[in-house]
Each structure stands twice: as structure tokens, then as C-alpha cells.
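Here is a short note to read alongside the model you are about to open. Keep the viewer at hand and look up each residue as we go.

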Amino acid sequence: MRCVIARYPFDLTKGGVLDSMKGVTPEPIKGESVTIGRRRYPVKQVGEIVTRQDRRDFSSGEVTRAMTRLGFTCHADPEIAPAPAPAATPVETASALLGGTTPLDV
């Protein structure tokens with residue numbers, strides 16, 4: 001598959017990525033990651049090894065798009081948690097206790 005990372009074209013294959021990452025120890029994950037084989041690698045580490053470019057030359061989004069198109073599973077940043085559900089007001093709580101429904105139940 002042909003893709004552009006850091007303004008340079010690359011012909012990547014799933015087998016080529018697997019071969020490149022064979023024997024590479026994953027770094028601690030601090031952002032987006034990709035599962036290759038049975039290991040999870042930071043996206044920037046994979047991009048650096050596969051393209052042989054400095055990590056500062058490309059974004060994690062470029063590598064994530066390429067790895068997704070090749071069929072690898074990519075994971076979002078674990079630091080970004082979904083927003084908590086809004087808390088019920090005292091009136092909504094009392095209504096729920098009396099058998100009514102809250103706007104959150106609808």
C-alpha cells in the first residue's frame with residue numbers, strides 16, 4: 001500500500017511492518033498506540049522504525065492512518081477519558097426515587 005508520511009511516499013505492506021517490528025521491545029505507551037502481533041507499540045515508535053525517519057518529522061495521525069489501512073488495530077490515547085455523564089439534579093433524583101423517570105433515562 002502506498003502512503004505518505006512526513007511528505008515522503010512509502011510502499012508499506014503488513015508483512016513488511018511485521019518483519020520490521022520483530023524483536024523490537026515496546027516503549028512505554030504515552031499516547032496513541034498500535035497492536036502489532038501480540039504487542040502494543042507507541043505509534044511514533046512504529047513510524048520511526050518503519051520509515052527510518054526522526055519522530056519529530058511526522059505526526060502520530062499519519063502513522064495511525066497508515067497502520068489502520070494495513071489492518072492493524074490502533075488505540076486512542078489512554079489519557080483522554082470520555083466525559084462523565086451529567087449529574088442528576090435534586091429534583092430529578094427525587095422524581096426517580098418516587099418512580100418517575102429522569103431526563104437521563106429517556
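The points below go from the overall fold to the core, the helix packing and the charged pairs.

1. Start with the whole chain, and keep in mind that this is a predicted model. The protein has 4 helices and 5 strands. Read from the N terminus, these elements follow the order β-β-α-β-β-α-α-β-α. Try tracing that order on screen before you go on.

2. Next, look at how the chain meets itself and its surroundings. Of the protein's 106 residues, 28% are buried. Among contacts with a separation of 6 or more, 50% join residues that lie 24 or more positions apart. The accessible surface is about 7,200 Å², and carbon and sulfur atoms make up 56% of that surface.

3. Now for the inside. The largest nonpolar core has 20 residues, and the members that touch the most others are Ile5, Leu12, Val17, Ile36, Val46 and Met67. Two or more core residues come from each of β1 (2-5), α1 (14-21), β3 (33-36), α2 (43-51) and α3 (60-70). Which element gives the largest share of this core? That is α3, with 4 residues.

4. Ile5 is a good residue to click on. Leaving aside residues up to four places away in sequence, Ile5 touches Phe10, Leu12, Thr51, Gln53, Phe58, Glu62, Val63 and Ala66. Three of these names return in the next point: Glu62, Val63 and Ala66 are among the buried residues of α3.

5. Helix α3 deserves a paragraph of its own. Its buried residues are Glu62, Val63, Thr64, Ala66, Met67 and Leu70. They pack against β1, α1, β3, α2 and β5 (73-75). Just past the end of α3 sits Gly71, with a positive phi of about 105°.

6. How do α2 and α3 sit relative to each other? Their axes come within 9 Å and cross at roughly 75°. Angles of 65 to 115 degrees count as roughly perpendicular, so α2 is roughly perpendicular to α3. Where they meet, α2 offers Val43, Lys44, Val46 and Gly47, while α3 offers Ser60, Val63, Thr64 and Met67. Val46 and Met67 should look familiar, as both were named among the core residues that touch the most other members.

7. Turn now to charge. Side chains of opposite charge can pair when their charged atoms come close. The structure holds 5 salt bridges. One of them joins the side chains of Asp19 and Lys22, at 3.8 Å from N to O. Are these two partners buried or exposed? Asp19 is exposed, with a relative accessible area of 54%, and Lys22 is also exposed, at 63%.

8. Another pair is Glu48 with Arg55, where the closest N and O atoms are 2.9 Å apart. Here Glu48 is partly exposed at 28% relative accessible area, and Arg55 is partly exposed at 23%. This pair also belongs to something wider: Glu27, Glu48 and Arg55 are linked in a network of salt bridges.

9. One more salt bridge to find is between the side chains of Asp54 and Arg56, at 2.9 Å from N to O. Asp54 is partly exposed, with a relative accessible area of 33%, whereas Arg56 is exposed, with a relative accessibility of 74%.

Technical notes
Residues numbered from 1 in each chain as written. Predicted model: local features only at pLDDT ≥ 70, side-chain atom pairs only at ≥ 80, totals over all residues. Heavy atoms only, no water. Buried < 20%, exposed > 50% of the residue type's maximum accessible area, 1.4 Å probe, protein only. Contact = heavy atoms within 4.5 Å. Areas by Shrake-Rupley, 256 points an atom, 1.4 Å probe, with all protein chains shown as cover. Core = buried A, V, L, I, M, F, W, Y, C linked by side-chain atoms within 4.5 Å. Salt bridge = Lys/Arg side-chain N within 4 Å of Asp/Glu carboxyl O. Axes fitted to C-alpha atoms, helices over the stretch in contact; angles between N-to-C directions. Parallel < 35°, antiparallel > 145°, perpendicular 65-115°, else oblique.
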